Each structure stands twice: as structure tokens, then as C-alpha cells.
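Visitor: I would like a close look at the core of this model, please. I am in my first year, so kindly explain the terms as we go.

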Amino acid sequence: MGIAFLGAAAVFAVVAGASLWAWASDRMASSARRRRAQQAAGFAGLARARPRARESRRAKEERALALERHVPEMVDALGLGMRAGMSFERAFRSYCFRFDDELAALCRQACLKWESGLVSRDAALLELGTLSGVPSLERFASNAVRCLRFGSPMNRMLDSLASEARSCYRAKMEEKVAKAPVKMLVPTAVLILPAMLIVVMGPVLLGFVQ
């Protein structure tokens with residue numbers, strides 16, 4: 001009878017752990033789909049985007065990380081276009097309309113603003129850096145405005161900025177990966193430890209019962 005009770009308890013713990021894991025996975029998948037839908041709605045246009053003041057801190061961090069991921073790609077594309085003989089405006093516009101990601105959508109809005117005459121080129125670039133909330137993009141905007149205003153060469157600045165942006169993004173991703181074991185403590189404690197305790201402590205409890 002004691003062995004049957006132990007087996008039933010172990011089966012119940014495994015089933016309960018599997019059910020809890022399935023529920024947690026479904027919740028995480030639903031949350032991921034909701035975040036992707038919110039990001040798609042946020043990048044569709046400024047008129048339909050929610051005010052940044054209403055965004056949660058986590059949503060802001062995820063949005064900034066998604067933008068920062070593409071900063072080195074954008075800077076490299078600009079540098080390649082300018083080395084090929086394009087002007088800054090033409091290289092920037094080429095990136096905006098040839099790439100389809102979060103940063104390209106934000107840059108496209110800035111490009112359309114200064115091309116339509118709503119704001120000046122310098123104001124649109126500075127606004128781009130401010131709205132993004134990404135330090136590397138803010139540095140790009142301020143350095144690009146300064147170089148364009150004073151006629152300084154931009155190739156060396158773009159190369160160093162791309163390298164710096166890659167290093168910053170790599171450091172953030174390494175920090176995020178380092179936090180993963182800490183986040184796994186709760187699922188481990190909830191799903192695995194109860195079954196292990198039943199298996200380990202079961203014979204001891206049966207010895208006391210007998």
C-alpha cells in the first residue's frame with residue numbers, strides 16, 4: 001500500500017508539474033504575441049502610436065533593445081553608400097526604404113519629415129535620436145549633425161560608431177543571458193523539486209510507516 005501511495009503521489013506531482021509548465025508556456029507565448037502586436041502597432045505610425053509616457057518600463061526597454069540591434073547595420077549601410085559616392089541624404093534614404101525593420105521605419109519617418117519640409121534635416125535627426133531612447137543612436141544623430149554642419153568627413157566616425165554600437169549591444173545581450181539562470185529558479189523549484197523530494201523522501205517515510 002505504501003508503494004502504491006508513493007507511486008500515485010509521484011504520478012500526481014509529475015502531472016501537476018506538466019500542467020503547470022504547459023500553463024506557464026501558454027502564458028509566455030500569449031505575452032510574446034501581445035508584445036509583437038504592440039510593437040507592430042507602435043511602428044505603424046506616430047499618429048496611431050501610443051504616447052511614450054504611457055508605455056511601461058519593460059516595453060520601453062524591449063523597444064530600445066530592438067532598435068539598438070539594428071543600429072550597427074544602419075551605420076554600416078550609410079558608410080557603404082557614402083563610400084560609393086552617395087550623399088548623406090541619399091544614403092540615408094536608401095537605407096530607410098530598402099530595409100524593413102523597426103529602426104528603418106523610424107528613420108523613414110524622419111526622412112519623410114525633412115523631405116516634406118516639416119522640419120529641417122538637423123532637427124529630424126536629433127528628434128530621431130531622442131525618440132528612439134537608444135544612446136548609440138543619439139550619438140549617431142549628434143555626430144552626423146555636427147559633421148554635416150561643419151563639412152567634416154564621416155567615414156571614420158561611422159566606422160567607430162558601428163563598432164561601439166556592436167559592443168554595447170553585445171554587452172546587453174550577455175547581461176540578459178547571464179540573468180537566465182536566475183529566472184529559471186522559480187520553474188525549477190515549482191516543477192522539479194516536488195517530484196525529487198517525493199522520490200528521495202518516499203522510502204524514508206515508508207520506513208516510518210512500516
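Guide: What follows starts with the whole chain, moves into the core, and then works outward to the surface.

This is a predicted model, in which local features need pLDDT of at least 70, side-chain atom pairs count only at pLDDT 80 or more, and totals for chains, interfaces and linings use all residues. Residues are numbered from 1 along each chain as its sequence is written, and side-chain values use heavy atoms, with hydrogens and water left out.

The chain has 10 helices and zero strands; helices (H or I, at least four residues) and strands (E, at least two) are DSSP runs, numbered from the N terminus. Of its 210 residues, 29% are buried, where buried means under 20% relative accessible area, exposed over 50%, and partly exposed in between (1.4 Å probe, protein chains only). Contacts (heavy atoms within 4.5 Å) often join distant parts of the sequence: among those with a separation of 6 or more, 59% link residues 24 or more positions apart.

Now for the core itself. A nonpolar core is a set of buried Ala, Val, Leu, Ile, Met, Phe, Trp, Tyr and Cys residues joined through side-chain atoms within 4.5 Å. The largest one here has 34 residues, and Phe92 and Phe140 have the most contacts inside it. Two or more core residues come from each of the helices H2 (57-69), H3 (71-83), H4 (88-98), H5 (102-115), H6 (121-132), H7 (135-150) and H8 (155-178). H5 gives the largest share, seven residues.

Let us look at Phe92 first. Not counting residues up to four places away in sequence, Phe92 touches Leu78, Cys107, Cys111, Trp114, Leu125, Leu128 and Phe140. Phe140 also turns up beside methionine 74, a residue of helix H3. Beyond its neighbours within four places, methionine 74 is in contact with Tyr95, Leu103, Leu137 and Phe140. Methionine 74 counts as buried because its relative accessibility is 0%. Its partner leucine 137 is 63 residues away in sequence, yet the two C-alpha atoms are 9.8 Å apart in space.

Two of methionine 74's partners, Tyr95 and Leu103, lead us to a histidine. Histidine 70 sits in the loop between H2 and H3 and touches Tyr95, Asp101, Glu102 and Leu103, again leaving out residues up to four places away. With 13% relative accessibility, histidine 70 is buried. A charged residue can be covered here too: glutamate 68, in helix H2, has a relative accessible area of 3% and is therefore buried. Its contacts beyond four places in sequence are Val134, Ser136, Cys168, Tyr169 and Lys172.

Next come the charged pairs. The whole structure holds nine salt bridges, each a side-chain nitrogen of Lys or Arg within 4 Å of a carboxyl oxygen of Asp or Glu. One of them pairs aspartate 76 with arginine 166, with the closest N and O atoms 2.0 Å apart. Because aspartate 76 is in H3 and arginine 166 is in H8, this pair ties together parts 90 residues apart in sequence. Aspartate 76 is partly exposed at 31%, and arginine 166 is partly exposed at 35%.

Glutamate 164 and arginine 139 form another bridge, with a closest N to O distance of 3.2 Å. Glutamate 164 belongs to H8 and arginine 139 to H7, so parts 25 residues apart in sequence are tied together. Other salt bridges share partners and join Glu89, Arg121, Asp122 and Arg149 into one network.

Outside, there is a nonpolar patch formed by Leu197, Val199, Val200, Met201, Val204 and Leu205, with about 570 Å² of accessible area together. Patches are made of residues with over 30% relative accessible area and no salt bridge; like charges are joined within 9 Å, and nonpolar side chains (Val, Leu, Ile, Met, Phe, Trp, Tyr) within 5 Å. Accessible areas come from the Shrake-Rupley method with a 1.4 Å probe, and for residues only the protein chains shown count as cover. Methionine 201 from this patch lies in helix H10 (residues 185-209) and is partly exposed, at 41%.

Finally, a word on confidence. The mean pLDDT (the predictor's confidence in each residue, from 0 to 100) is 76, with 72% of residues reaching 70 or more. Residues 1-12 have pLDDT below 50 and seven contacts beyond near neighbours in sequence. Residues 43-53 also stay under 50, with 17 contacts beyond four places. Where pLDDT is low, the predicted coordinates should not be read in detail.
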